[in-house]
Amino acid sequence: MSPPSQDTSAMVMDDKSFATLSALAKAEAGLVLPVGKMTMVQSRLRKRLIASGQPDYPSYCRLVSSPEGLEERRQMISALTTNVSHFFRESHHFDILRDKVVPELLRKTRAGQKIRIWSAGCSSGQEPYSIGMCLLSAAPELASKDLLILGTDIDPAILEKAEAATYSGQQVTGIPEAMRKTYMEPAGGDQYRVGPAVRKLVRFRELNLLRDWPMKGQFDAIFCRNVVIYFDSDTQATLWPRFRQRLTGDGWIFLGHSERISDAALPLFEPTGMTAYRVAGSVPPTARKD
Ligand SMILES: C[S@@+](CC[C@H](N)C(=O)[O-])C[C@H]1O[C@@H](n2cnc3c(N)ncnc32)[C@H](O)[C@@H]1O
């Protein structure tokens with residue numbers, strides 16, 4: 001029997017619906033979706049249109065704009081976020097972590113201080129797990145210290161993958177071999193799971209960077225990489241002072257390769273390497289990179 005015929009013209013997004021949905025994505029999550037992304041938005045939301053039982057995009061817009069559409073709005077944002085991530089992405093940051101940050105963290109733990117690291121926009125978990133592997137392999141004694149890595153993301157679906165900590169053989173090729181042998185375990189077929197030593201360092205929470213940040217305390221380092229690239233410069237500008245407030249006086253912040261702290265916020269930070277910054281005033285003059 002042939003499947004019932006579908007009115008495919010209803011699945012085509014009209015300009016007004018695109019304008020409504022892109023304004024909503026901006027207001028909810030900071031995502032900038034110019035007209036050139038209309039085809040991408042349409043293809044990512046087609047499944048949501050069907051799953052939510054809406055006959056066409058104008059009806060879908062009414063749903064996600066209504067108070068009853070709260071859950072579908074979350075699903076819509078989840079569908080519109082780009083979650084690409086890799087283990088040890090932009091590996092130069094992990095070199096800095098190993099060579100410069102770890103010795104400082106060790107000094108702090110020996111002075112009885114706790115260590116907190118935040119992966120903001122952690123996607124499917126490769127970033128916080130890479131941080132954990134890097135720290136433990138550089139300084140195994142950190143395993144017994146008060147060390148936590150917080151991974152947050154706006155997308156609850158991707159956080160479930162992060163919690164599962166299970167990746168394909170292809171995905172784990174980015175982990176240096178010695179670390180792969182030490183910190184990953186077979187999980188059946190072509191799947192590998194992050195082992196307990198690293199998993200126990202990492203906690204995941206849903207968090208929208210545009211809203212309140214409920215965590216108390218400050219972070220020794222924040223990784224917010226390949227996230228603000230989806231925001232406009234005004235939205236980015238609101239984040240830099242907030243990140244500064246959440247960093248310890250000598251804290252580090254790492255951004256993605258095409259992201260920069262805006263000029264207005266630069267007095268709060270000092271460039272310390274490729275898209276790596278420290279809180280202003282914490283870098284000895286000899287170590288500055290302008
Ligand atoms: C391209 S991934 C980057 C993952 C990782 N940081 C990396 O560099 O590999 C961007 C992540 O930012 C998240 N994101 C987008 N807008 C966000 C927001 N307003 N608040 C929190 N996370 C957001 C997305 O859900 C996505 O998982």
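## Residues around the ligand

Among the 22 residues that surround the ligand, those that come nearest are Ser-85, Arg-89, Gly-121, Asp-153 and Asn-226. These positions, like every other value in this report, are taken from a predicted model. Sorted by class, the shell around the ligand consists of nine nonpolar residues, eight polar residues and five charged residues.

## Polar contacts and enclosure

Two of the residues named above make polar contacts through their side chains: a polar atom in the side chain of Ser-85 is 2.6 Å from an oxygen atom of the ligand, and a side-chain N or O atom of Asp-153 also lies 2.6 Å from an oxygen atom of the ligand. Leu-209 contributes through its backbone, where an N or O atom is placed 2.9 Å from a nitrogen atom of the ligand. On its own the ligand has 600 Å² of accessible area, of which the protein covers 99%. The space that the ligand takes up is the largest cavity.

## Aromatic pairs

With ring centres required to lie within 6.5 Å of each other, the count of aromatic pairs in the model comes to 12. One of them joins Tyr-129 and Tyr-167, whose ring centres are 6.4 Å apart and whose planes meet at 75 degrees, so the pair is classed as edge-to-face, a class that calls for planes over 60 degrees apart.

Tyr-129 belongs to helix 6 (residues 126-138), whereas Tyr-167 belongs to strand 3 (residues 166-168), and the pair therefore ties together parts that are 38 residues apart in sequence.

How values were computed. Residues are numbered from 1 along each chain as its sequence is written. This is a predicted model: local features need pLDDT of at least 70, side-chain atom pairs count only at pLDDT 80 or more; totals for chains, interfaces and linings use all residues. Side-chain values use heavy atoms; hydrogens and water are left out. A residue is near a molecule or strand if one of its heavy atoms lies within 4 Å of it. A polar contact is a pair of N or O atoms within 3.5 Å; within protein, one must be able to donate a hydrogen and the other to accept it, and residues adjacent in sequence count only if both atoms are side-chain atoms. Accessible areas come from the Shrake-Rupley method with a 1.4 Å probe; for residues, only the protein chains shown count as cover. On a 1 Å grid over the protein atoms alone, a cavity is a set of points where a 1.4 Å probe fits but cannot get out, and a pocket is an open set with protein on both sides within 12 Å along at least five of seven lines; lining residues have an atom within 4 Å of a point. A molecule sits in a cavity or pocket if more than half of its atoms lie within 2 Å of its grid points. Ala, Val, Leu, Ile, Met, Phe, Trp, Tyr, Cys and Pro count as nonpolar, Asp, Glu, Lys and Arg as charged, and the others, Gly among them, as polar. Rings of Phe, Tyr and Trp (its six-membered ring) pair if their centres lie within 6.5 Å; planes under 30 degrees apart count as stacked, over 60 as edge-to-face and the rest as tilted. Helices (H or I, at least four residues) and strands (E, at least two) are DSSP runs, numbered from the N terminus.
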